[in-house]
Structure formats: structure tokens, C-alpha cells
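Trainee: I would like to learn how to read a single residue and then a helix from a model. Could we look at one together, starting with the contacts of a side chain?

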Amino acid sequence: MKKLLVAQSGGPTAAINATLAGVVQCAYSSGKVETVLGAINGIKGVLEERFLDLGQHIRSVEDFSLLCQTPAAALGSCRLKIRERSQLEEIVRILRKHGIGYFIYIGGNDSMDTVAQLSAYCEEEGITDLTVMGAPKTIDNDLMGTDHCPGFGSAAKYIAATFAELERDCHVYDTKAVTIVEVMGRNAGWLTAASSLARLGGGKGPDLIYLCEKPFDTEQFLEKVKGLLETQDSVLVAISEGIKDADGRYVSEQVQSKAVDNFGHAYIAGSAKLLETLVQERLGCKVRSIELNLMQRCAAHIASAVDIEESRMLGMKACQCALEGVSGQMAAVIRLTDVPYEVEFRTVPISEVANAEKKVPLDWITEDGCDVTEEMTAYLRPLIQGESRVVYENGIPKHLHLYE
């Protein structure tokens, strides 16, 4: 029997380890796999041959449960872009050297590009002793081919709960005040839209919601805030970190350097801070900015039960397909109905996913660009349902550590 290798890449989520758990569960229950290995730090770990025997670290039902409630990437992550054909050749050589016949890569847009490149290389070279599958992951919810992405539901639940709590806090004093909250989302505003779910608990939620799909007009923003302050004591605003002006320039570029990551993506955080300064200078009221930052993706204590279960099932689907000889595909969740909420798990060609970006439909954003529609709420609502039972130790959630 061959070995199976699984790796994680890109920005972690609260559900990525549930996908890992699904892969491992499926592999060992299949009877087709000799050993399940985990690559430490993604494709970088593959190239450096840093492998972990997962059977030595995940041994019981309790271990699987703890893995599912452990945030971040239990195997570590990386942001290494495959740029040379020689790297693909080296990856195949290493996999064969270790007797690996199945490779599953859990990740987002850039990780799916790696899956696409490697599976295409294998097809071009006539390599039939290796199958390569992708398993989706990203809180940004911007992968094509799947209704939504593992990790998004839990991040959306955290954001909805946080805005519901902030909205209550903002009304404590009678002093006029503005609170601007920056939510992750470079080019897709799905997470920022989730702030609207704060209203499901009976509160107002954010007064204004700005996604990056529509141009952001600072003058219109100031007028909206000013108008609201005339009739209420505070204004709560949700903005995507990637809001852009009419010319397509990130608002945050005014306060950021030209630095980029390994994939050429600009660092864009800072929009809320810039708007805080603008409100202070132009409106003269009390104002604060909040950047949710990493908390959005690692708040496993408030994970969505739906998200965790679907993430596990997608890991199992990716593994099942790999063991059946399917290659160059990504496991995906397909929504059948909203009410009752029903989905099924399929696969889609990785070529339809890699280097593509799913944005919020413009008709799910209000005409004035500062809120979302009922269609958006109907889409989002099922994804944040349910709470997983979290195991605590010494008063804090217990986590599974696979390596130091």
C-alpha cells in the first residue's frame, strides 16, 4: 500500500484542522493507506522533506475531537509560490522517494494554484502513480467552484457576535461617537457582509456596511456619518480592509508602504485608521477604529458547528477521491436549498478554481453601497448555525499540538 501526504497552506482558519481530521479519518478507515504523513509548513515542508507520521500523534477519538477545535494550521503553513517547473519535478521525486501515492493540499487561492500546477505536470509527464487533490480553505470565502469555503462560517459567526456586542457597548454613553471596524477582505467583502448578521439577535448591528466590491466615496461616507449623528448618539461602521476609491486604488494605500508578500499581494490593512483620522478632522467628534485582524480567523471557541462539520466532510471527500484515483480536482460544497439548509459534496476541476476570485454579487449590496440585501442574509444565515462542544482545561480551550 502507498502512503498519503496531507499539507496545509495560506492563512489559517478555525476550521482548517477539521478538514485535516476528515482526511486522516477517511484514509485510515479506507484500508487503502499504509501511513498518513503530514508535511510541516505546507509545500515548503514537502520540498524540505519535513514529514510527520500523523498516526503517532492522532490516536484516539478524543484526539480527533481536539484537532477539530484547535485553531490555526496544526501542521503549520507557508506562502511559497511554485514558480519553476524544476520545483514540480522535485516534488514528484520526493513523493516517490517516500512511497507517497496520494497528496492532498488544504488551502485557498494560491494553494489551489499549486494543486493545479502539480496535477497538470503529472498529466503532461504521464505520471499515473500519484493523485493530487485540493481541499478548500479560506475565511475570505472567495474560492470559485464551491458555494462557500471552510473557515468562512466560523469567522462570520465571530464577526456577527462581535458586532452585536460592540453595538451594545457603543450606546453606553450619551456622547456622540463613531466606531469604525475593519474586517478582513482584500478584494471580496463576504466577511464584512457577515457583520449584518448581528441584527439577527434583535439589535441594530452596524449602521453602515462598506464592501470592497463597490467604489468607496469618502465624502459620501462623511455625509452619511454626519447625518446619522444628528439623530442618534453613536454610529457603528463596518468596512472591508480592501475598500477602494473610484480609480480602483486601495484607500489604505495612503498610509501603507509598497510592501508585498511572496505572491505579490500588497499589505492593505489600515483603512479604518485612515477613516478615523478623517472623521476626527472633518466632524470633530469622538471616534475610534478597530482592526479585528487575526482574531477573525483563530476564534475557534465560537466556531460554527455547521462549518466544522462541513470542513471535516470536505476533507473526507478529498481523501476518498484521491484514493479512487481522482486527480486535479477540488472538493466542494454545493448548496441545494436555503430552508431547510441542505448541501452535498462534489468535486470541481482545479483549473476552474486556481487563480480565480469569487466576489460578492453587486445585487446583494444596496444601491447606495452602504449595506447588504436580504439575499445576502439568506445566504449567510445557515453558515453560522450551531455551537460545537468545546473542551476546556484550566479554564481555557484545550488544543492538540502535533509538533513544536
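Mentor: Please keep in mind that this is a predicted model. A good place to begin is H148, which touches N141, E310, V333, R335, Y341, K358, Y379 and L383, leaving aside residues up to four places away in sequence.

Trainee: Where does H148 lie, and is H148 buried or exposed?

Mentor: H148 lies in the loop between β5 (131-136) and α6 (152-170). Because buried means under 20% relative accessible area, H148, with a relative accessible area of 4%, counts as buried.

Trainee: Which side chains make polar contacts with the side chain of H148?

Mentor: The side chain of E310 is joined to that of H148 by a polar contact of 2.6 Å, and the side chain of Y341 makes a polar contact with that of H148 at 3.2 Å.

Trainee: Turning to the helix, how many Å should α4 span?

Mentor: One compares an expected span with the distance in the model. At 1.5 Å a residue, the 13 residues of α4 (residues 85-97) should span 18 Å, and the end C-alpha atoms of α4 are 19 Å apart, which agrees.

Trainee: Which residues of α4 are buried, and what do they pack against?

Mentor: The buried residues are Q87, L88, I91, V92, I94 and L95. Seen down the axis of α4, these buried residues fall within an arc of 165°, so they line one face of the helix. They pack against β1 (2-8), α2 (42-47), β3 (51-53), β4 (100-107) and α5 (109-124).

Trainee: Which residue with a positive phi follows α4?

Mentor: That residue is G99, whose phi is near 70°.

Technical notes. Residues are numbered from 1 along each chain as its sequence is written. This is a predicted model: local features need pLDDT of at least 70, side-chain atom pairs count only at pLDDT 80 or more; totals for chains, interfaces and linings use all residues. Side-chain values use heavy atoms; hydrogens and water are left out. Helices (H or I, at least four residues) and strands (E, at least two) are DSSP runs, numbered from the N terminus. The expected span of a helix is 1.5 Å times one less than its number of residues. Buried means under 20% relative accessible area, exposed over 50%, partly exposed in between (1.4 Å probe, protein chains only). The arc is that of the directions from the helix axis to the C-beta atoms. Contact means heavy atoms within 4.5 Å. A polar contact is a pair of N or O atoms within 3.5 Å; within protein, one must be able to donate a hydrogen and the other to accept it, and residues adjacent in sequence count only if both atoms are side-chain atoms.
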